[in-house]
Amino acid sequence: TDLRPLDILSEAVPAAGPARGMRVFQVQGVRGFQLSSSRPRALGFPASRLFIHCDRFPEEFSIIVTLRALRVPAKRNEYIFTLMLEESPSVLVGLRYAPDKLHFLFWSQERAGGWQTRVTFPNVSLSDNQWHTLILAVSGQSFSLTVDCSVPKDVVVETPFPASLSVRRASFYLGNRRRRKGVFTGLLRQLVLLPGADATPRMCHAVNFKVAALSVPPVLQDVPAKAVSNEVLKQPYGHDMKVTLGARPRCSRRQKAQFWFNASRRGLYLCNGSTWLSVLEVQHRLDYVEEYQNLVTNSETMGIEVFSIPKVGLFAAMANRITPPGSAIYRWMDGKFVHYQNIPTHQAQSWKYFTIGKKIFLAVANFEQNERGQEFSVIYKWSRRKAKFITYQRISTHSARDWEAFVIEGEAFLAVVNHREGNNHNIDSVIYRWNPRTGLFETNQTIPTSGAYDWEFFTIGPYSFLAVANTFNGTSTKIYSHIYIWLSGSFQLFQSILTFGAADWEVFHIGDRVFLAVANSHSYDSGMPAPSNFYAINSSIYELNITAQMFVKFQDLLTYSALDWEFFSVGEDSFLVVANSFDGFTFSVNSIIYRWQGYEGFVAAHHLPTVGCRDWEAFHTSEGSYLFYSSAKEPLSKVLKLKTT
């Protein structure tokens, strides 16, 4: 009973810090490792590093695990750890969990060829986003599981755990079985093997049973309390370190290896003999949002496009509803948007700025017919001589909602979303290809859509994708929106996602992770009873799962007739802002900025009063960072300035 604990988790962590494929997250004040599925073998080490004097697995033992598990889909298993021979795919010893179940696996070689035994503990609920400590005690045919020091669950099986299980040429693997499938998606804080004893009495005396610790890697342990001291910087033993305060001092050979603290920028710098190098510098963080400019518009604004013309300046094109006077373009002058040009439009829904070579274009999606009963959306070209946009090409559209411009393999494309033709919402939207010989866009492909609102183009590695937000099929908003992939010269269906009056897709990257957010506007089905509120509905964020080669749901956020998402960054922080337009009672609804909190996903950070919010645009100038929102219910749009600390 005095055998030392074998800390499996600590053994996998190099002395220099977490291994590749391991990231530290802190949730509910407790730290744990998130394990990557991209390189499962990197999360392994030879069993000989733990079993130094004997290559046999103990006959009696306890396994202690502290984890925070995510919700696992039905019929899916995730491995907490495995012990496997290098030349065999079989699991010698392993622990995995499924929805409401925990399985302990072991290999018995008492018969020819051997076989695997699975001991199942039913009704074990771990997927509640809480920390839990499990103690599995094994002795012969008896297996006992204690969760958070509650009443043990005992199981007796016919096949006893082997008395002599060889671990020669075997390795431990954290959170996997040496494959990408079944990788543990939660957080792992403690994984300890205690030979020869039931660890329950030793563990169940802590104040917080859920995070009771026998052995935790140092990098996951609580930060020690700071000693009371008046010193700002404590000098290392035996080292003459000098820190200079105030204005920027000289940096020469005499000052080499000296420090300077810049109080205004809250940065620490080191002199290398010629220049000051940044050692520690505070990143800008979003503190609050303030109203910066109220922009009175020609009429209600359905969309905004902020763009920059080289050597000319920053502009904003407003898609205004009423004709005349049509839509307006504004130019950023002296820190404000000022009116620059009017363009005749017909219930404009959105603008799209794009370039082809040195040519600069701006396309408008018109929702209604012109005075002659013709229904066109128009592409305008920037005239350098006149310094304004002039008509370039008219394209026949049907209640157009959105344009998307993109380039694939050096060729330029323009895709239009056709919302409906008369009362028919199930019509084709069109992708046009630029013909460099004629200098015009020509039809390249049609894609069936249902009351569509938005296209979103994005690339992942060498692959190009186009997502459509389908809104209404004539009877229901509960319909599939589709993601298409470019293969062999055309877009082909890649994935379908159930949406509810989808109005917008927004793709964004955080580190090496790819996300896709959908704005769901309302839930309506003519064949179903009416819900209590059509407009209070979850909008969803999906993350690309490379292994499954599909987007999987990452997070739901309650929204109120959401019409747009906009992703932006401040310093090292990432944010999403949603355009909430109507809560079922009023158009005066708060739109919300969500901050990326890592393992916890997006968390509400700022509530912004808006009226019939339709679109958000983020932009940056030399003066700072801004958010621009349009109202579809009043002729007033607002520029908000992001105040940082």
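Let's start with one residue pair: I537 has T559 in β41 as its bridge partner. That pair belongs to a run of 10 bridges joining β40 to strand β41 (residues 550-560), and the two strands run antiparallel. Bear in mind that this is a predicted model. From here, the briefing moves through β40 and its neighbours, the biggest pocket, two open sheets, a buried histidine and the main nonpolar core.

**β40 and its partners**

- Strand β40 covers residues 536-545 and is mostly covered, with 7 of its 10 residues buried.
- On the way from β40 into β41 there's a hairpin with 4 residues between the strands, and Q549 in that hairpin takes a positive phi near 55°.
- β40 also pairs with strand β39 (residues 513-520), again antiparallel, through 4 bridges.
- One pairing to look up there is L516, whose bridge partner in β40 is Y542.
- As a reminder of what holds such partners together, strands of a sheet pair through backbone hydrogen bonds, either parallel or antiparallel.

**The largest pocket**

- The largest pocket comes in at a volume of about 1900 Å³.
- Its lining takes in 48 residues, and S37, T185, R513, E543 and N545 are the ones that lie nearest the centre.
- Six strands each put at least two residues into that lining: β2 (22-27), β3 (30-35), β7 (78-85), β39, β40 and β41.
- Which strand gives the largest share of the lining? That's β41, with 5 residues.

**The β34 to β37 sheet**

- Here 4 strands make an open sheet in the order β34-β35-β36-β37, and the pairing is antiparallel.
- β34 (454-460) and β37 (490-500) sit at the edges with a single partner strand each, so one side of each has no neighbour in the sheet.
- The twist averages 20° from one strand to the next.
- Strand β36 (residues 478-487) runs antiparallel to β37 and is joined to it by 10 bridges.
- To find your way along that pair, look for S481, which stands opposite I497 in β37.

**The β42 to β45 sheet**

- Another open sheet has 4 strands in the order β42-β43-β44-β45, with antiparallel pairing.
- Its edge strands are β42 (562-570) and β45 (602-611), and each of them pairs on one side only.
- Neighbouring strands in this sheet are turned by 20° against each other on average, direction ignored.
- Strand β44 (residues 588-596) and β45 run antiparallel and are joined by 9 bridges.
- Within that pairing, R595 stands opposite V603 in β45.

**H606, a buried histidine**

- H606 is found in strand β45.
- Is H606 buried or exposed? Its relative accessibility is 14%, so H606 counts as buried, given that the cut-off for buried is under 20%.
- Setting aside neighbours within four places in sequence, H606 is in contact with S591, I592, I593 and R595, along with L286, D287 and Y288.

**The main nonpolar core**

- The largest nonpolar core has 55 residues.
- Four phenylalanines, F57, F104, F161 and F172, have the most contacts inside this core.
- If you click on F57 and ignore neighbours within four places in sequence, you'll find F57 in contact with F51, L83, V93, F161, L165, V167, F172 and L193.
- Two of the phenylalanines with the most contacts in the core, F161 and F172, are thus also among the contacts of F57.

Technical notes: Residues numbered from 1 in each chain as written. Predicted model: local features only at pLDDT ≥ 70, side-chain atom pairs only at ≥ 80, totals over all residues. Heavy atoms only, no water. Pairing = 2+ DSSP bridges. Axes fitted to C-alpha atoms, helices over the stretch in contact; angles between N-to-C directions. Buried < 20%, exposed > 50% of the residue type's maximum accessible area, 1.4 Å probe, protein only. Contact = heavy atoms within 4.5 Å. Core = buried A, V, L, I, M, F, W, Y, C linked by side-chain atoms within 4.5 Å. 1 Å grid on protein atoms, 1.4 Å probe; cavity = no way out; pocket = protein on both sides within 12 Å on 5 of 7 lines; lining within 4 Å. Points joined across faces, edges and corners; volume = space filled by probe spheres on them.
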